[in-house]
Protein chains: 4
Amino acid sequence: MIGLKYGIVGFRGKMGREIFEYFSTFGDECVLKKDVDSFEQTDTPQVIIDFSSPSALEETVKLCREHKIALVLGTTALEERHFEMLRELANEVPVVQSYNFSTGINILRKILREYTRYFSDWDAAMVEIHHTQKKDAPSGTAKMLRNDMNRDIPISSLRIGGVFGEHTVIFSNAGEVVEIKHSALSRRAFSIGVRHAALFTLKKQKGFYSYEDVLNENLR
Amino acid sequence: MIGLKYGIVGFRGKMGREIFEYFSTFGDECVLKKDVDSFEQTDTPQVIIDFSSPSALEETVKLCREHKIALVLGTTALEERHFEMLRELANEVPVVQSYNFSTGINILRKILREYTRYFSDWDAAMVEIHHTQKKDAPSGTAKMLRNDMNRDIPISSLRIGGVFGEHTVIFSNAGEVVEIKHSALSRRAFSIGVRHAALFTLKKQKGFYSYEDVLNENLR
Amino acid sequence: MIGLKYGIVGFRGKMGREIFEYFSTFGDECVLKKDVDSFEQTDTPQVIIDFSSPSALEETVKLCREHKIALVLGTTALEERHFEMLRELANEVPVVQSYNFSTGINILRKILREYTRYFSDWDAAMVEIHHTQKKDAPSGTAKMLRNDMNRDIPISSLRIGGVFGEHTVIFSNAGEVVEIKHSALSRRAFSIGVRHAALFTLKKQKGFYSYEDVLNENLR
Amino acid sequence: MIGLKYGIVGFRGKMGREIFEYFSTFGDECVLKKDVDSFEQTDTPQVIIDFSSPSALEETVKLCREHKIALVLGTTALEERHFEMLRELANEVPVVQSYNFSTGINILRKILREYTRYFSDWDAAMVEIHHTQKKDAPSGTAKMLRNDMNRDIPISSLRIGGVFGEHTVIFSNAGEVVEIKHSALSRRAFSIGVRHAALFTLKKQKGFYSYEDVLNENLR
C-alpha cells in the first residue's frame, strides 16, 4: 500500500489539496501536478486522479493514453461525449469513474437497493441536512438514494450552519423505527474512497469501473 | 405522596385509563369515576382530573365548587367562556389548566424562551415526527415551541409509522451543532405531569395555575 | 388476511394481551385462550401462539398435534429437550420459533451479517439503551447483533427512564459515520411480527422455521 | 466588526492557522505572528491571541503589557503562577481566558447549570464520542459538563473513526426523553468563539474575563 506514484489534475482545487494531504499520510508520492495554468511532472504516475472540470478531460485522457496511466475521475457534470472518451480509454487502461467517492454512501446505496423491499409494509421518509452554502434541495445524493430505493418517499431538506452532509433514511411501522444514517465529516470522506480506487486500478489491466466495483473488489 | 384520593372525568377515555393505571402504581385511590353516561362515587376526592371535553366542563366545575375539590384540567379547545368559569372557580379552589402536561415539553419551553437569544447568530430549524394518524402539520406543540423561541424558523414535519411524538430544535453555526430533542414515549409522558399537578393543588388554597407554576414549585 | 382463527397460550400475560389487541384490529378471532389456570375454547384455531413459559410447552405441543394446528412460539429460555419436541411436531405441522419477533431487528441482523465486512477498515461500536427495569447489560439482542457482525466491538449500555429498547451500531472512518439504529416503540414491535409468522404458517404444510424464513417468504 | 488588527502566538499551530484562516474571511489583519522560533510584526495589534503553550505565556504577557494589548488566551494546562501573571495583566488590559472557546459548549454549560434541577426525578446519563486519536476518556469537556450538572451521572465514552467531538446529555423518566447534544464539526467551533472574545476585549478597558462573560455581553 506504500509508495503509490500518482498525479493530480486540479491540484490547487479543494479536492486536489485534500487528496494530496491524505495520500501523503501513507508516504505516496505526487509526481504530476496539473492545474488550469500550471504543469509540473517529476516522474510517470501509476494513476492520475482528476477532480477538476469536464473541460480538462480531453488532455487528461491524452496523458493517460500516451503513458499507459490508469485514471480515477471524480469530475461532475460529464456529458455523453465525455463518457465516450472514457470508454475508449478504458480499452487500454483501467478507469474508475464516480460522482460520489464516499465509501459510506456507496455502501448505503447497496443496502437500500437490496433491503428497501423488506420494509414494503413500513412507512419511509428521508431527512438530509447540509450547510447553508448548498443551493440545491433535495441534494443530488438524496435523490440518488431515493432512486436506489425505487420508492417514492418524502425528503425533508434542512440547510443550516456548517453541517458537511447528513442523509438519514427512516422506516417506521406501528411498533418500530429503523434509521440508516450517513454523515460525511469532511472531504476526507471522499479522499479515502479515491485512494481505494487508485489502489484498485493497480490490480487491473484495463476496463471501465464504478465505485461499486471497487467496493466489491475490496471484499475478496 | 401516598394515598391521594382523586376523581376522573372522562374515565373511559385513553387519558382517563392511563391516569388511573399510573396513579394506581402509587396506591392512589380513584373515588369518583365520571363519563358521558356513567357516574360512580365512593368518597369525596381531594382533586378532580378532567381530560374529557369542553362540554363536560360546566358539570365538573359545579362538582368542584360544591365540595371544595381542586381541579386539574387537560381538556383542549377551550373557549373564552370556559376560561371565565375556571377563573371564577379559582377564587375558591386551586385550578391547574394546561394544554400539554408533559414535564419535558414544559421544561423545553422554558429553555427555548430563555436561551434562543444566545443563538442569535446561529441558524435554527425544527424537525417534528409523529405517527401517521396525526392529521395536523406542523404539530400544535411545534408551533408553540417556535412561538416560545420568538423566531421564525422552518419546521419539517414527518408523519411516519407509530412514532408517538418527537420534537427536535437544531441550532448550527459554521463549526457547531446544538440539538435539543424531546421524545414522548407514550401517554405516560402526560400522566406523570398530571400527578405532579394533582399533588401541587394539595399545597394551595386557591388560584389559577399553569403547568409552569407546577414546575417552579417542584424546584423549591 | 382477514378472519384468522387463532389461539393464545399465556393469554393474560403482557404479550398475550398485546397480541389479542393487535390481532383484533384485523378482525381476527381468538378461539382458544389458555393460561396457567384457565382454558377456554370456542372453535379449532388455525394457529396457536405461545408466549408463556417452557413449562407450558408440552401441553401446547400436544394440542397442536392432536388437532393439526400450526404453532408460533415466542417463549424464551428453551432447552434442548424443548427443541426436540418442536422438531418432532414440525414433521406434522408448521412451527415458527424465535426469541425475537421484531421484524426490524431481524432485518438488521441480515444487514449486519451481510454488510459488516464492507466496513472492515472502519471502527465500529454499539450503543443500546433500555429502561431501568432491564437488569442484564449488554442486552441479549445487543449480543446477538454483535454475534451476527462476527466482530468484537465494544457495547455501551445505558439504563435510563422508560426507553423501550434502542440498539445503534455505529461505523466510522476518518471522514464518515454510518449509523444503523433500531428503536422498539412498544410491544407492538413484536405482535406485528407474530402476525406475519401466523399468516406464514397458513401457507405451509409442515416444517421448522425461524423468523428469517418468514421475512424471506414475505418478499416473494 | 471589520478591520480588527490582531496578533497570534503559536501561529503555525493547528489553532493558529485555523484562527488566521477564519479571521481573514472578515478582512481582519494579522499584524503579529509569533512562534517558537520566529517573530514577525508589521503593526501594533489591538489584541493578541495565544493558543500555544504555558511556557510561552511570560513573553506574551510582557508583549501585552508593554504595548497595552488585550489578550485572548486558549492555552491549556495552566498553573497557579500563570493565573497570577494573568490577573496582574488584567489590571492593565482586558484578558479573556478559557479552556474551551466553543460557543455551543459554553451555552450548554449554562443550560445544564440552570436546568438540571428540573430533571431531579428523571434518570440522566451522558454519551460522548470522539475520534480514535483522543486518549483520555471521559473527555475533559464531559467531566466539566457533569460538574456543571452537579449530579453524578454515568458517562459512556466512544472512541471511533474521525468524529470531531460529540457530547449528549440524556434525561429520561417513565414516559419521556430529553436529549441535549453538542457536536463540534471542526476547529471552526473554537475560532468563532475566539473572534467573539477578541471583539469583546475592544469594548473593555481592563479586567479578567471568562468566556461566559463574552456570552453574556453578546446578549445586550
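Where chain B meets chain D in this predicted model, the contact draws 35 residues from chain B and 35 residues from chain D. Put the two together and about 3,100 Å² gets buried, with 61% of that on carbon and sulfur atoms. On the chain B side, the residues that give up the most area to chain D are Tyr115(B), Tyr118(B) and Glu176(B), which together account for 21% of what that side buries.

What kind of residues make up the side of chain B that touches chain D? Split by class, that side has 17 nonpolar, 10 polar and 8 charged residues. Even with charged residues on that side, the count of salt bridges between chain B and chain D is 0. Polar contacts are another matter: 21 residue pairs turn up across the interface of chain B and chain D, with both partners at pLDDT 80 or more.

As for secondary structure, the elements of chain B that give two or more residues to this side are helix H4 (103-115), strand E10 (176-184), helix H6 (188-202) and helix H7 (211-218). The largest share comes from E10(B), with 9 residues.

**The strands at the B-D contact**

E10(B) also pairs with a strand across the interface: 9 bridges join it to strand E10 (residues 176-184) of chain D, and the two run antiparallel. To find your place in that pairing, look for Lys181(B), which stands opposite Glu179(D) in E10(D).

Now step back to the whole sheet. It is an open one with 8 strands, in the order E8(B)-E7(B)-E9(B)-E10(B)-E10(D)-E9(D)-E7(D)-E8(D), and its pairing is mixed. Which strands stand at the edges? Those are strand E8 (155-159) of chain B and strand E8 (155-159) of chain D; each has a single partner strand, so one side of each is left without a neighbour in the sheet. On average, neighbouring strands of this sheet are turned by 15° against each other, direction ignored.

Inside the chain D half, strand E7 (residues 123-130) and strand E9 (residues 166-172) of chain D pair in the antiparallel sense over 7 bridges. A handy marker there is Ala124(D), which sits opposite Phe171(D) in E9(D).

**The C-A contact**

Chain C and chain A make a contact of their own, with 35 residues from chain C and 35 residues from chain A. Here are some values for the two interfaces.

| Interface | Buried area | Share on carbon and sulfur atoms |
|---|---|---|
| Chain B and chain D | about 3,100 Å² | 61% |
| Chain C and chain A | about 3,000 Å² | 61% |

In chain C, Tyr115(C), Tyr118(C) and Glu176(C) lose the most area to chain A, together 21% of what that side buries. The salt-bridge count between chain C and chain A is 0, while 20 residue pairs are in polar contact across that interface, both at pLDDT 80 or more.

Helix H4 (103-115), strand E10 (176-184), helix H6 (188-202) and helix H7 (211-218) of chain C each supply at least two residues to the side facing chain A. E10(C) brings the largest share, 9 residues. The class breakdown for that side of chain C reads 17 nonpolar, 10 polar and 8 charged.

There is a strand pairing here too: strand E10 (residues 176-184) of chain A and E10(C) pair in the antiparallel sense over 9 bridges. In this pairing, Ile180(A) stands opposite Ile180(C).

**Backbone oddities**

Most residues other than glycine have a negative phi, and most peptide bonds are trans. A few spots here go the other way. A cis peptide bond joins Ala137(B) and Pro138(B), with omega about -5°, and Pro138(B) is found in the loop between strand E7 (123-130) and helix H5 (140-149) of chain B. In chain D, the peptide bond from Ala137(D) to Pro138(D) is cis as well, with omega near -5°; Pro138(D) has its place in the loop between E7 and helix H5 (140-149) of chain D.

Then there is Lys68(A), which is not a glycine but has a positive phi of about 55°. Look for Lys68(A) in the loop between helix H2 (57-67) and strand E5 (70-73) of chain A.

**Salt bridges**

How many salt bridges does a search of the whole structure find? Over all chains, the count is 76. One to look at joins the side chains of Arg195(A) and Asp28(A), at 2.7 Å from N to O. Arg195(A) lies in helix H6 (residues 188-202) of chain A and Asp28(A) in the loop between helix H1 (14-24) and strand E2 (29-35) of chain A, so the pair ties together parts that are 167 residues apart in sequence.

Methods. Residues are numbered from 1 along each chain as its sequence is written. Chains are lettered from A and ligands numbered from 1 in the order in which they are written. This is a predicted model: local features need pLDDT of at least 70, side-chain atom pairs count only at pLDDT 80 or more; totals for chains, interfaces and linings use all residues. Side-chain values use heavy atoms; hydrogens and water are left out. Contact means heavy atoms within 4.5 Å. Buried area is the accessible area (1.4 Å probe) that two parts lose on being put together, summed over both. A salt bridge is a side-chain nitrogen of Lys or Arg within 4 Å of a carboxyl oxygen of Asp or Glu. A polar contact is a pair of N or O atoms within 3.5 Å; within protein, one must be able to donate a hydrogen and the other to accept it, and residues adjacent in sequence count only if both atoms are side-chain atoms. Helices (H or I, at least four residues) and strands (E, at least two) are DSSP runs, numbered from the N terminus. Ala, Val, Leu, Ile, Met, Phe, Trp, Tyr, Cys and Pro count as nonpolar, Asp, Glu, Lys and Arg as charged, and the others, Gly among them, as polar. Two strands pair if DSSP finds at least two bridges between them. Axes are lines fitted to C-alpha atoms, for helices over the stretch in contact, and angles run from 0 to 180 degrees between N-to-C directions.
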